Amino acid sequence: MISSDDNEENCSSLVILKRILVANGSSSCLSGTPTTSFQDDRIKRGTIFHLNRPESPLPQNLLHTALAQHVQLTSTQEAAFLAICTPREAKKKEFLLRTGEVNHYLYFVQSGCLRSFIVDQGGKEVNLEFAVEGYWISDIAFNKPALLSIQALEPTQYVQINLHAFEQLTQEEPVFNLFFRKLLQNGYFAFKKRMLTGMTQTAAQNYRDFLLKFPGLPQRIPQYHIASYLGITPEFFSTIKAEGLDLYQQAMDNL
């Protein structure tokens, strides 16, 4: 159980957790306005996304692996999905989405790190989730003003998926309905798990879980971003960091 000190530091996190909508490789929204021939036109133009395109070198097979974790696709189905993907790059601190903007895309991170966050009533930014290599991220609002913002914390290469085109693809290839449902299921499960651990674990234990989920990320982003994600102050994070690291090492030793 969490201590009274932890309760004081983490009380805001219980509210924050109610708005978490991205999880381990999971989250989505649907919208966008491509033409009905969007997919066929892109195939004809030869602009199907390839993981090893020379002008934007990306880790090969990462998106293929992410798809295979959820569904088995034929080469034709995978090509159809890749046809609605567009490779993008974001500079550090660049926004992919701002609160209030209409959301049109689902994002898949190839390299780098994105964060989703809200701004509370006091004007403080509150991190909801991080998306690193192999993660999906978006907003829960479908063709509506976004509830959160998405920003790059470091130079990031990602795949942008127009969700109107994805909706069309699900009609042509029903297997992608299963893929989307599994993304949502995973996101919901991660949300519930994080909500429960936020109420029943200490801040150090929550930091251990963060390290298990995002190994190496503390060396890539500022400490205050992690503190915000955990729902505690940077000062309090400094006091529990060593304990969290010890718990992480114990967990790794027991694997």
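1. Let's start with the aromatic rings: this predicted model holds 22 aromatic pairs. One of them joins F81 and F166 in an edge-to-face arrangement, with 6.3 Å from centre to centre and 85° between the planes.

2. What does that pair connect? F81 belongs to helix α4 (residues 75-82) and F166 to helix α5 (residues 163-172), so the contact between their rings ties together parts that lie 85 residues apart in sequence.

3. Are these two rings buried or exposed? F81 is buried, its relative accessible area being 1%. F166 is buried as well, at 3%. Both values fall under 20%, the cut-off for calling a residue buried.

4. The F81 and F166 rings also belong to a wider group: ring pairs link them with F108, W136, F176, F179 and F180 into a cluster. It is a handy set of residues to display together when you open the model.

5. Two arginines are worth a look next. R98 lies over the face of F95, 3.8 Å from the ring centre. R194 is placed over the face of Y229, also at 3.8 Å from the ring centre.

6. Stepping back to the whole fold, the protein chain has 9 helices and 8 strands. Of its 255 residues, 51% count as buried. Among contacts between residues at least 6 apart in sequence, 78% join residues at least 24 apart.

7. Finally, the surface: the protein chain exposes about 12,600 Å², and carbon and sulfur atoms supply 53% of that area.

How values were computed:
Residues numbered from 1 in each chain as written. Predicted model: local features only at pLDDT ≥ 70, side-chain atom pairs only at ≥ 80, totals over all residues. Heavy atoms only, no water. Phe/Tyr/Trp six-rings, centres within 6.5 Å; stacked < 30°, edge-to-face > 60°. Helix = DSSP H or I, 4+ residues; strand = E, 2+ residues; numbered from the N terminus. Buried < 20%, exposed > 50% of the residue type's maximum accessible area, 1.4 Å probe, protein only. Lys NZ or Arg CZ within 6 Å of the ring centre and 35° of its normal. Contact = heavy atoms within 4.5 Å. Areas by Shrake-Rupley, 256 points an atom, 1.4 Å probe, with all protein chains shown as cover.
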